[in-house]
Amino acid sequence: MVATRKPAAKKRPAKAPGPPEAYIIFERMIIPEQNAALMTYTTTFIQQGVKHVAVAISSPGGGVPASLALYNTLRGLPVHVTMHNVGMVSSAANVVFVGGDTRVASPDASFNFHAPTVTLDGDFDVRALRQNADDLETGEQRTRLVLAERTPMSGSRIDALKRNSETLNAGQAVELGLISTTAAFQVPEGVPIVTV
């Protein structure tokens with residue numbers, strides 16, 4: 001009996017490594033639909049082998065639940081995330097912003113804080129009004145916890161920022177530890193970039 005040799009397996013060509021970093025411009029409200037678009041691009045870049053995602057953000061804010069969902073998702077990604085404030089980060093967008101591993105702001109950027117609010121439309125009974133008040137209080141506590149965990153600011157300092165509806169310039173944001181430095185936003189040549 002003659003032994004037959006199996007043909008040698010064909011070698012697959014080595015997969016080219018993906019780009020080391022990618023940039024996303026996000027100038028939107030923090031709402032589920034916009035969050036989904038941001039995460040679609042982010043996960044696509046991760047699948048392409050990107051190790052660093054930089055998000056240029058300017059946002060008027062949005063819903064507390066949506067901001068917490070996006071914050072938690074960003075914190076769980078297997079890549080380094082840089083958040084760069086290129087305009088104004090306001091309200092619930094501050095929660096998303098502190099989800100970055102590195103946080104930077106353009107020299108003329110600002111951060112606005114205020115207490116969570118709700119817009120009521122229609123007729124409400126006492127029970128519904130109490131529920132809205134409870135939801136606002138819960139949102140206030142949850143955002144305070146995130147900001148206190150991710151910055152050197154105390155809970156009382158965060159409460160004061162919100163109560164007084166304060167707007168911080170980039171220099172003040174450095175002093176409070178909201179950002180590490182100020183720098184002009186610059187995308188390196190040849191790096192993938194998308195706008196949400």
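Start by selecting residues 32-47, helix α1, and residues 64-75, helix α2, in this predicted model. The two helices pack with their axes 10 Å apart, at an angle of about 15°. Angles under 35 degrees count as roughly parallel, so α1 is roughly parallel to α2. Turn the view until one helix lies in front of the other: α1 passes α2 in a right-handed crossing.

Now show the side chains where the helices touch. Which residues of α1 meet α2? They are P32, N35, L38 and M39, and their counterparts in α2 are A66, L70, T73 and L74. Colour this contact by residue type and you will find six nonpolar residues, two polar ones and no charged ones.

Keep α2 on screen and add two strands, β2 (residues 52-59) and β3 (residues 80-90). Together, β2, α2 and β3 form a right-handed β-α-β unit. The two strands pair in the parallel sense, with seven bridges between them. To see one spot along this pairing, select V55, which stands opposite M83 in β3.

Stay with M83 for the next stop. What stands opposite M83 in β4? Select R103 and you have the answer. Strand β4 covers residues 102-105, runs parallel to β3 and is joined to β3 by four bridges.

For the last stop, follow β3 to M88, whose bridge partner in β5 is S110. Strand β5 (residues 110-112) also runs parallel to β3, and three bridges join the pair. With β3 still selected, you can look over its partners once more: β2, β4 and β5.

Methods:
Residues are numbered from 1 along each chain as its sequence is written. This is a predicted model: local features need pLDDT of at least 70, side-chain atom pairs count only at pLDDT 80 or more; totals for chains, interfaces and linings use all residues. Side-chain values use heavy atoms; hydrogens and water are left out. Axes are lines fitted to C-alpha atoms, for helices over the stretch in contact, and angles run from 0 to 180 degrees between N-to-C directions. Angles under 35 degrees count as roughly parallel, over 145 as roughly antiparallel, 65 to 115 as roughly perpendicular and the rest as oblique. A crossing is left-handed if the near helix is turned anticlockwise from the far one by less than a right angle, and right-handed if clockwise. Contact means heavy atoms within 4.5 Å. Ala, Val, Leu, Ile, Met, Phe, Trp, Tyr, Cys and Pro count as nonpolar, Asp, Glu, Lys and Arg as charged, and the others, Gly among them, as polar. Two strands pair if DSSP finds at least two bridges between them. A crossover is right-handed if, with the strands pointing away from the viewer, the path from the first strand over the helix to the second runs clockwise.
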